[in-house]
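The paragraphs below lead a newcomer through one protein, beginning with a single residue and widening the view from there. Please keep the sequence and the model at hand while reading.

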Amino acid sequence: PSNSYTQVSDYNGENLAPVFAPDGKSVYYTHEKDKTLNIYKKDLSSKSEKQITKFKDFPVRELSIASNGNLVFVWKGDIYIVKNDSSTKKLNISVATNAGYQKLKNLAINNATEFAVSPNGKEIAIINRGELFVVSVDNARTKRITNTSYQERMITWAPDGKAIYYA
């Protein structure tokens with residue numbers, strides 16, 4: 001790994017919520033240069049920038065990316081998806097009544113993208129589906145630590161093992 005850093009933008013304003021494309025060749029972020037936060041894509045080798053969304057009056061929030069490259073975000077309280085850097089589509093979401101009576105679904109932790117072993121070796125922090133989990137080595141209990149719309153990443157344990165740092 002390199003110990004150098006590269007500034008991606010020299011814009012004197014807000015560049016927020018960066019997410020890297022699955023191939024690592026570009027980064028998506030929200031940018032306010034058109035007077036509101038919209039999504040832009042920056043090619044990391046050519047430095048070319050492409051505007052992905054062109055909303056007016058309200059900012060794009062909660063940008064996230066899937067492993068297939070689809071972008072998901074919130075605009076004016078609604079959830080949108082962008083496929084292949086082109087078509088922006090509002091998702092129609094309905095909430096079932098009596099949700100409290102629906103069965104819970106167990107999800108396998110089989111798509112871990114990162115892990116870090118605790119200093120004492122008794123626990124493992126794992127990033128799975130963008131969320132942080134801690135697994136006990138002794139009894140294989142798993143506890144979900146985060147439940148956010150962001151993709152947690154870059155996990156590391158505090159030297160005393162009492163905290164986990166992540167971005």
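In this structure, which is a predicted model, a convenient place to begin is Val 72, which counts as partly exposed because its relative accessibility is 30%, a value that falls between the limit of under 20% for buried residues and that of over 50% for exposed ones. Val 72 lies in strand S6, which covers residues 71-75, and together with Ile 79, Leu 91 and Ile 93 it makes a nonpolar surface patch of about 290 Å².

From this residue the view can widen to the protein as a whole. Its secondary structure comes to 14 strands and zero helices, so that, in keeping with how these elements are defined, the run from the N terminus on is written as β repeated throughout. Of the 167 residues of the protein, 30% count as buried.

Where does strand S6 belong among these strands? It is part of an open sheet of four strands, in the order S5-S6-S7-S8, whose pairing is antiparallel. The edges of this sheet are formed by strand S5 (60-65) and strand S8 (87-90), each of which pairs on one side only, and neighbouring strands of the sheet are turned against each other by 25° on average, with direction ignored. In general, the strands of a sheet pair through backbone hydrogen bonds, in either a parallel or an antiparallel manner. Here, S6 and strand S7, which spans residues 78-83, run antiparallel and are joined by five bridges; Trp 75 in particular has Asp 78 in S7 as its bridge partner.

Trp 75 also leads to the aromatic side chains, for which the count of pairs comes to five. Among them is the pair of Phe 55 and Trp 75, which is stacked, with 4.1 Å from centre to centre and 20° between the planes. This pair links distant parts of the chain, since Phe 55 sits in the loop between strand S4 (49-51) and S5 while Trp 75 is in strand S6, 20 residues apart. Are these two residues buried or exposed? Both Phe 55 and Trp 75 are buried.

A further pair is formed by Trp 75 and Tyr 80, and this one is edge-to-face, with 6.1 Å from centre to centre and 70° between the planes; here, too, both Trp 75 and Tyr 80 are buried. Taken together, ring pairs link Phe 55, Phe 73, Trp 75 and Tyr 80 into a cluster. Strand S6 thus holds both Val 72, a member of the nonpolar surface patch, and Trp 75, a member of the aromatic cluster.

Conventions
Residues are numbered from 1 along each chain as its sequence is written. This is a predicted model: local features need pLDDT of at least 70, side-chain atom pairs count only at pLDDT 80 or more; totals for chains, interfaces and linings use all residues. Side-chain values use heavy atoms; hydrogens and water are left out. Patches are made of residues with over 30% relative accessible area and no salt bridge: like charges are joined within 9 Å, nonpolar side chains (Val, Leu, Ile, Met, Phe, Trp, Tyr) within 5 Å. Accessible areas come from the Shrake-Rupley method with a 1.4 Å probe; for residues, only the protein chains shown count as cover. A salt bridge is a side-chain nitrogen of Lys or Arg within 4 Å of a carboxyl oxygen of Asp or Glu. Helices (H or I, at least four residues) and strands (E, at least two) are DSSP runs, numbered from the N terminus. Buried means under 20% relative accessible area, exposed over 50%, partly exposed in between (1.4 Å probe, protein chains only). Two strands pair if DSSP finds at least two bridges between them. Axes are lines fitted to C-alpha atoms, for helices over the stretch in contact, and angles run from 0 to 180 degrees between N-to-C directions. Rings of Phe, Tyr and Trp (its six-membered ring) pair if their centres lie within 6.5 Å; planes under 30 degrees apart count as stacked, over 60 as edge-to-face and the rest as tilted.
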